[in-house]
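These are my notebook entries on one protein model. I record below what I looked up and what I found.

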Amino acid sequence: MRTFYTLAYPVITVADRQFLDVFRSTHDQDRARRVAPHFTLLFGCNALTEPDYLQHVQTAARASTALRFCCRYAMLGADDEDDTAYVFLVPDEGWSGLSLLHDRLYADAMAPRLRLDLPFVPHITIGSLKDRVAAKQLCDELNATGICIEGMVNVLSVVAREGSALKHIASYPLQVPATATAIDLSFASAHATDFEALLALRIAAMRESLERIGRFDPVRARDRFAGGFAPEHTRHILVNGERVGFVVVKPQQDALLIDHLYIAPGAQGQGIGAAVLLEVFAQADAAALPVRVGALRDSASNRFYVRHGFELVERAEFDNYYLRPART
């Protein structure tokens with residue numbers, strides 16, 4: 001029977017990911033080659049069948065909400081297997097949320113496998129050394145620079161150990177936080193006659209970002225929107241029955257493309273966009289497809305997409321292009 005682990009790969013900025021990759025390639029080379037930066041929430045288990053293990057993790061994910069975290073402290077870590085010293089990044093914000101998620105995962109069928117002699121410390125391992133003094137020095141250097149890695153945990157990933165490698169088995173999204181699920185969110189099909197209303201909403205949502213880079217032009221905005229307008233792929237976003245935005249998802253041969261996602265300025269910051277993304281992700285995951293999206297450079301939407309698992313794949317003159325890999 002294979003040994004399974006449940007990991008949470010944090011959604012962080014490209015700059016923070018690059019920093020961690022460079023640090024780990026120097027101070028934790030073996031682990032860096034095998035697995036991306038992560039929080040381990042369920043440690044190695046070979047006592048359950050694969051279907052039972054996956055069902056257990058899926059049930060926990062459905063009962064848990066996505067959470068924000070911020071790691072501002074590098075801590076000297078150890079384990080009970082050998083004398084290896086570790087460099088842990090531990091969160092101050094998100095500690096309790098990650099700990100509660102760990103507790104939920106170690107309930108029911110996994111309860112007998114919880115190590116009560118080892119208190120759980122949520123962490124991202126970024127260093128592995130034989131010299132404890134050297135490991136402590138690395139921690140001190142990181143803390144002296146004011147380390148700050150912040151992001152989101154919104155998916156549980158199950159992996160299996162196969163020899164020295166880890167194989168991805170399944171991913172289960174966490175639920176949208178209560179601030180987003182408390183709203184009455186629904187969708188309605190758009191029609192060709194909705195063009196003017198949707199154009200006005202798009203202009204209102206983008207105006208500030210376009211003005212900031214000197215590219216606000218209502219005529220050009222109309223022409224660009226008209227050129228790709230596809231009502232058959234467009235849905236109104238409704239809250240309490242009122243339109244607050246719209247989303248356009250176009251099927252491509254090998255992906256889903258979020259061609260437009262706009263929330264009216266007065267409705268932003270309420271978790272509506274995140275809830276819409278979960279709907280798109282569910283559609284993509286059911287078909288094992290990646291999701292593509294573009295964002296105006298220097299707009300807040302770049303941070304929004306990175307927080308929700310998109311990876312930057314191309315920079316153009318005015319836009320950035322992102323990809324959320326397929327989940328199996």
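The entries that follow go topic by topic, and I note at the outset that the model is predicted.

**Entry 1. Cysteines**

I searched for disulfides and found zero. A disulfide is a covalent bond between the sulfur atoms of two cysteines. I then examined Cys-148, where the nearest cysteine sulfur belongs to Cys-70 and is 3.4 Å away. Because a disulfide requires sulfur atoms within 2.5 Å, I recorded Cys-148 as being in no disulfide. The relative accessible area of Cys-148 is 35%, so I entered it as partly exposed. Cys-45 has a relative accessibility of 4% and is therefore buried.

**Entry 2. Helix 4**

Which residues of helix 4 are buried? In this helix, residues 95-105, I listed Leu-98, Ser-99, Leu-101, His-102 and Leu-105. Viewed down the axis of helix 4, these buried residues fall within an arc of 160°, so they line one face of the helix. An α-helix has 3.6 residues a turn, so residues three or four places apart point the same way. On the other side of helix 4 I found Ser-96 and Leu-100 exposed.

**Entry 3. Aromatic pairs**

I counted aromatic pairs over the whole structure and obtained twelve. For Phe-4 and Tyr-53, the ring centres are 5.1 Å apart and the planes lie at 25°; the pair is stacked because the angle between planes is under 30 degrees. This pair links distant parts of the chain, with Phe-4 in strand 1 (residues 3-8) and Tyr-53 in helix 3 (residues 50-62), 49 residues apart. Phe-4 is buried at 2% relative accessibility, and Tyr-53 is buried at 0%.

I next took up Phe-195 and Phe-225, another stacked pair, with 5.4 Å from centre to centre and 25° between the planes. Phe-195 belongs to helix 7 (residues 195-212) and Phe-225 to helix 8 (residues 218-228), so that the pair joins distant parts of the chain, 30 residues apart. Both rings belong to buried residues: Phe-195 has a relative accessible area of 14%, and Phe-225 has one of 2%. I also noted that Phe-195 and Phe-225 form one aromatic cluster with Phe-229, Phe-246 and Tyr-262.

**Entry 4. Charges over rings**

I looked for charged groups placed over aromatic rings. The charged end of Arg-235 sits over the ring of Phe-187, 4.1 Å from the ring centre. Arg-324 lies over the face of Phe-281, and here the distance to the ring centre is 3.9 Å.

**Entry 5. The second largest pocket**

What is the volume of the second largest pocket? I noted a value of about 1300 Å³. The pocket is lined by 39 residues, of which Thr-40, Phe-43, Asp-79, Glu-81 and His-123 are the closest to its centre. I then asked which elements supply the lining. At least two residues each come from strand 1, helix 2 (29-34), strand 3 (39-45), strand 4 (67-77), strand 5 (85-93), strand 6 (124-129) and strand 8 (155-162). Strand 3 gives the largest share of this lining, namely four residues.

**Entry 6. Two distances along and across the chain**

I located Asn-154 in the loop between strand 7 (149-153) and strand 8. Asn-154 counts as buried, at 12% relative accessibility. From Asn-154 to Tyr-322 there are 168 residues in sequence and 18 Å in space, C-alpha to C-alpha.

Arg-62 is in helix 3 and is exposed, with a relative accessible area of 56%. I found the C-alpha atoms of Arg-62 and Tyr-172 separated by 8.1 Å, although the two residues are 110 apart along the chain.

**Entry 7. Positive phi angles**

Most residues other than glycine have a negative phi. I therefore noted Asn-240, which has a positive phi of about 55° and is not a glycine. Asn-240 lies in the loop between strand 11 (234-239) and strand 12 (242-251). With a relative accessible area of 57%, Asn-240 is exposed.

Ala-288 also has a positive phi, near 55°. I placed Ala-288 in the loop between helix 9 (272-286) and strand 14 (291-296). Is Ala-288 buried, exposed or partly exposed? Its relative accessible area is 38%, and I entered Ala-288 as partly exposed because that value lies between 20% and 50%.

Methods: Residues numbered from 1 in each chain as written. Predicted model: local features only at pLDDT ≥ 70, side-chain atom pairs only at ≥ 80, totals over all residues. Heavy atoms only, no water. Buried < 20%, exposed > 50% of the residue type's maximum accessible area, 1.4 Å probe, protein only. Arc of directions from axis to C-beta. Phe/Tyr/Trp six-rings, centres within 6.5 Å; stacked < 30°, edge-to-face > 60°. Lys NZ or Arg CZ within 6 Å of the ring centre and 35° of its normal. 1 Å grid on protein atoms, 1.4 Å probe; cavity = no way out; pocket = protein on both sides within 12 Å on 5 of 7 lines; lining within 4 Å. Points joined across faces, edges and corners; volume = space filled by probe spheres on them.
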